[in-house]
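Please open the structure in a viewer and keep the side chains ready for display. The tour proceeds by selection, from one group of residues to the next.

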Amino acid sequence: MTLPAESRTQLTPDLNICRVLNGMWQVSGAHGAIDPSAAIASMLDHQRAGFTTWDLADHYGPAEDFIGRFRRELSSTQGSESLASILAFTKWVPRPSPMTRQLVEQNVDLSLRRMDVPILDLLQFHWWDYGDDRYLDALEHLSELRDQGKIRHLALTNFDTEHLKLIVEGGIKIVSNQVQFSLIDRRPEVKMLQFCREHDIQLLAYGTVCGGLLTSRYLGRPEPGRRELTTASLGKYKQMIDAWGGWALFQKLLAVLQDIATAKQVSIANVAVRYVLDRPAVAGAILGVRLGASDHMAGNARVFDFTLDAADYDLLEPVLGQSTDLYQVIGDCGDEYRR
Ligand SMILES: NC(=O)c1ccc[n+]([C@@H]2O[C@H](COP(=O)([O-])OP(=O)(O)OC[C@H]3O[C@@H](n4cnc5c(N)ncnc54)[C@H](OP(=O)(O)O)[C@@H]3O)[C@@H](O)[C@H]2O)c1
């Protein structure tokens, strides 16, 4: 399998990414057991197939260590030059506390060591409490560490438009914000997209297939109970679907998606991901990968084989129009983490 040229985009002039990123929350332990050796073998398969961009975090269990081991294995089999093709975007998610230069640098150094990289390609910063403005101290120190060569680019995750604006207007250069964005959660449409376009900031979207709910696996299925929602993602996005309009409306959406997918000879997941990739300012969609446990590479590659046209949007709109506006219920991007 080889991915076409359209699978790539420039996140920044020096970071050429695959627009379907491999999400590593799924190795954290909250999505079932992962066998480390099988996971590394699957990482090598993803890399070979062209899925060369990884999304992870300091708190996703062994994810940063997996990047380190994966790099060492790739280097030993294919030479150190091959490492240039891997991009690994981690996050720092600290508990609010004094954000001293020492603390910030210690955490960056820890990620560098675990991932076995000379520089962090992208560091995505998360903050839990806007009432505590020490996030601005952290971002100042992170900017210095970027200027000193420990981080290539500074980014955010789950920031709302108001605080993103504050940061940017404070003179801190941010290249991307990672937010939940899907056919169910269209909150970024309200303010975030426009601000990002005006300030050359890209979005990395997660939740595009709602942990697997927004796929043919759930078409025509009765509403799953809590015991059937066996991964942390399924639980998280089922709650979103409940707030959005509930299972009966969700089934109507899946049925329309199936019609579109059948006409294009692709899958419901492909249509759901294509929809998000086509929104302005969206650089990529992060799809969770249960490395070594399940594999959707060939299926997900099909997202680059087709386009959505006006007739497809006309089919979707009547169903989406019946849903509750999550911006009204939850607030802007990431507000669910700060309630
Ligand atoms: N910044 C944040 O706060 C945040 C929050 C959540 C996620 N994320 C990032 O986003 C990534 C994605 O995680 P997510 O929770 O949003 O999950 P997701 O990508 O919506 O769902 C992933 C699951 O969907 C299923 N799937 C994927 N492709 C499929 C296909 N073509 N057909 C059928 N099923 C398919 C797989 O389930 P099976 O494995 O069961 O087959 C997979 O494990 C995470 O790993 C993480 O990197 C970030």
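Select Tyr313 to begin; in this predicted model, its relative accessibility is 25%. Tyr313 therefore counts as partly exposed, since that class lies between the 20% limit for buried and the 50% limit for exposed.

Next, consider the rings. The structure contains 13 aromatic pairs. Select Trp244 together with Phe250: the ring centres are 6.5 Å apart and the planes stand at 90 degrees, so this pair is edge-to-face. Trp244 is buried, at 1% relative accessible area, and Phe250 is likewise buried, at 0%. Now add Tyr275 to Tyr313: these two residues form a tilted aromatic pair, with 5.9 Å from centre to centre and 45 degrees between the planes. Tyr275 belongs to helix 9 and Tyr313 to helix 11 (residues 310-320), so the pair links distant parts of the chain, 38 residues apart. Whereas Tyr313 is partly exposed, Tyr275 is buried, with a relative accessible area of 4%.

For a wider view of aromatic side chains, select Trp92, Phe125, Trp127, Tyr130, Tyr135 and Phe159, which form one cluster. Then display Arg95 and Trp128: the charged end of Arg95 sits over the Trp128 ring, 5.1 Å from the ring centre.

Turn now to charged pairs. The structure holds 24 salt bridges. Select Asp65 and Arg114, whose closest N and O atoms are 2.9 Å apart in a salt bridge. Asp65 lies in helix 2 (residues 63-78) and Arg114 in helix 3 (residues 101-115), so this pair ties together parts 49 residues apart in sequence. Asp65 is partly exposed, at 33% relative accessibility.

Remain in helix 3 and select Arg101 and Glu105, which lie four residues apart, about one turn of the helix. Their salt bridge brings the closest N and O atoms to 3.1 Å. Arg101 has a relative accessible area of 25% and is partly exposed. Extend the selection to Asp109, Glu144 and Lys150: together with Arg101 and Glu105, these residues are linked in a network of salt bridges.

Finally, select Arg279 and Glu189, whose side chains meet in a salt bridge at 2.7 Å, N to O. Arg279 is in the loop between helix 9 (268-277) and strand 10 (282-288), and Glu189 is in the loop between strand 8 (176-180) and helix 6 (192-198), so the pair ties together parts 90 residues apart in sequence. Arg279 is partly exposed, at 22%, and Glu189 is partly exposed, at 27%.

Key. Residues numbered from 1 in each chain as written. Predicted model: local features only at pLDDT ≥ 70, side-chain atom pairs only at ≥ 80, totals over all residues. Heavy atoms only, no water. Salt bridge = Lys/Arg side-chain N within 4 Å of Asp/Glu carboxyl O. Helix = DSSP H or I, 4+ residues; strand = E, 2+ residues; numbered from the N terminus. Buried < 20%, exposed > 50% of the residue type's maximum accessible area, 1.4 Å probe, protein only. Phe/Tyr/Trp six-rings, centres within 6.5 Å; stacked < 30°, edge-to-face > 60°. Lys NZ or Arg CZ within 6 Å of the ring centre and 35° of its normal.
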